[in-house]
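Good morning, and thank you for making time for this presentation. I would ask you to keep the sequence and the structure in view while I speak.

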Amino acid sequence: MSKERIIFCDFDGTITVNDNIVAIMKHFNPAGWEAIVEQILDKTISIRQGVGEMFALLPTSRKDEIVEYAINNAVIRDGFKEFVDYCKEQNIKLLITSGGIDFFIYPLLKPFAIPSEHIYCNASTFEGNAIEILWPNHCDEHCKTDCGMCKTSIIRSYDANQYERIIIGDSITDFEGAKLVDTIFARSHLIDMCKQLDYPYHSFETFFDIMKQLEAEPVV
Ligand SMILES: [Mg+2]
Ligand SMILES: [Zn+2]
């Protein structure tokens with residue numbers, strides 16, 4: 001019996017052309033955000049801690065501006081709509097596994113027919129003076145990375161004996177997940193990681209590239 005295909009697809013820098021969190025920070029430019037990014041990249045602090053600290057620099061009084069900017073600034077990568085349709089036709093389970101934040105993820109994914117229970121991301125509240133990020137999808141007992149939104153916990157919940165697990169991603173939030181799956185579709189920093197660790201991967205520019213490769217490769 002062949003396995004069922006399941007795809008864990010990143011959002012920022014993958015479904016969207018750019019990273020929305022970085023775009024928000026660059027645009028509103030609160031003092032100190034760049035130092036926090038450096039600390040995340042050199043692993044002095046966890047992704048969860050860093051993302052939480054960055055958003056805590058933004059006052060909730062600017063909520064409308066921030067939400068509007070995030071939504072209007074994002075560009076969806078070519079072929080994504082067709083890719084969502086393709087997965088549906090082929091009975092491939094498509095999960096959006098994103099370290100991004102609900103206030104831009106849900107509006108940006110609204111035009112696509114993706115059930116909300118297939119979308120995993122961080123949450124947020126604007127009730128205090130500064131934006132507070134909430135973490136409904138935290139790490140399980142096997143993950144010590146303090147991801148915030150833990151992709152490996154979600155991937156592990158789909159048995160490797162039953163599923164052909166595929167990740168699509170671009171950056172640090174995908175590194176640990178990529179180590180678990182059968183197939184990696186990579187861009188940017190995720191390509192560098194694959195090269196360093198000598199992992200096989202497929203690079204992509206658009207979702208058409210991914211569909212082509214999925215068609216070419218029979219389900220394992
Ligand atoms: Mg990303
Ligand atoms: Zn984790």
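Which residues of H2 meet H3, and which residues of H3 do they meet? Before I answer, please bear in mind that this is a predicted model. On the side of H2, the residues are Trp33, Ile36, Gln39 and Ile40. On the side of H3, they are Ile47, Gly50, Glu53 and Met54. Sorted by class, this contact of H2 with H3 holds 5 nonpolar, 2 polar and 1 charged residues.

Let me turn to the geometry of this pair. Helix H2 covers residues 33–41 and helix H3 covers residues 47–55. Their axes are 9 Å apart, and the packing angle is about 175°. H2 is therefore roughly antiparallel to H3, since angles over 145 degrees are counted in that way.

The spacing of the contact residues deserves a remark. An α-helix has 3.6 residues a turn, so residues three or four places apart point the same way. With that in mind, consider Ile47, Gly50 and Met54, which are among the residues of H3 that meet H2. Ile47, Gly50 and Met54 also belong to the buried residues of H3, together with Arg48, Val51 and Phe55. The cover over the buried residues of H3 includes H2, and also H1, S2, S4 and helix H8, residues 172–178.

I now move to the sheet. What is the order of its strands? The order is S4-S3-S2-S1-S5-S6-S7, in an open sheet of 7 strands with mixed pairing. At the edges are strand S4, residues 132–134, and strand S7, residues 202–203, each of which pairs on one side only.

Starting from the S4 edge, S3 and S4 are antiparallel and pair over 3 bridges. Within that pair, Thr125 is found opposite Glu132 of S4. On to the next pair: S2 and strand S3, residues 119–125, are parallel and are also linked over 3 bridges. Here Thr97 has Tyr120 of S3 as its bridge partner.

Strand S1, residues 4–9, runs parallel to S2, and 4 bridges join the two. One of the partnerships is that of Ile7 with Leu94 in S2. S1 is also joined to strand S5, residues 163–169, by 6 bridges, again in parallel. In that pairing, Cys9 has Ile168 in S5 as its bridge partner.

Is S1 enclosed or open to the outside? S1 is largely enclosed by the rest of the structure, because 5 of its 6 residues are buried. S2, residues 93–101, is mostly covered as well, with 7 of its 9 residues buried.

The connection from S2 to S3 brings in another helix. S2, helix H6 (residues 102–109) and S3 together form a β-α-β unit, and the unit is right-handed. Buried residues in H6 are Phe103, Phe104, Ile105 and Leu109. S2 and S3 contribute to covering these buried residues, and the cover also includes helix H1, 20–28, and helix H4, 63–73.

Next, I would like to look at a residue of helix H10. Ile210 lies in H10, which spans residues 207–216. Is Ile210 buried or exposed? Ile210 has 23 other C-beta atoms within 10 Å, and a residue counts as buried from 20 upwards, so Ile210 is buried. Apart from its neighbours within four places in sequence, its contacts are Phe83, Ile168, Phe185 and Phe204. Ile168, already mentioned as the bridge partner of Cys9, is 42 residues from Ile210 along the chain, yet their C-alpha atoms are separated by 8.9 Å.

Finally, two residues have backbone angles to be noted. The phi angle of Asn91 is near 55°, which is positive in a residue other than glycine. Asn91 belongs to the loop between helix H5, residues 80–89, and S2. With 8 other C-beta atoms within 10 Å, Asn91 is exposed. Ser188, likewise a residue other than glycine, has a positive phi near 50°. Ser188 is placed in helix H9, residues 188–197. With 15 other C-beta atoms within 10 Å, Ser188 is partly exposed.

Methods: Residues numbered from 1 in each chain as written. Chains lettered and ligands numbered in written order. Predicted model: local features only at pLDDT ≥ 70, side-chain atom pairs only at ≥ 80, totals over all residues. Buried ≥ 20, exposed ≤ 12 C-beta atoms within 10 Å, placed from the backbone. Pairing = 2+ DSSP bridges. Right-handed = clockwise from strand over helix to strand, strands pointing away. Axes fitted to C-alpha atoms, helices over the stretch in contact; angles between N-to-C directions. Parallel < 35°, antiparallel > 145°, perpendicular 65-115°, else oblique. Contact = placed C-beta atoms within 7 Å. Nonpolar A, V, L, I, M, F, W, Y, C, P; charged D, E, K, R; others polar.
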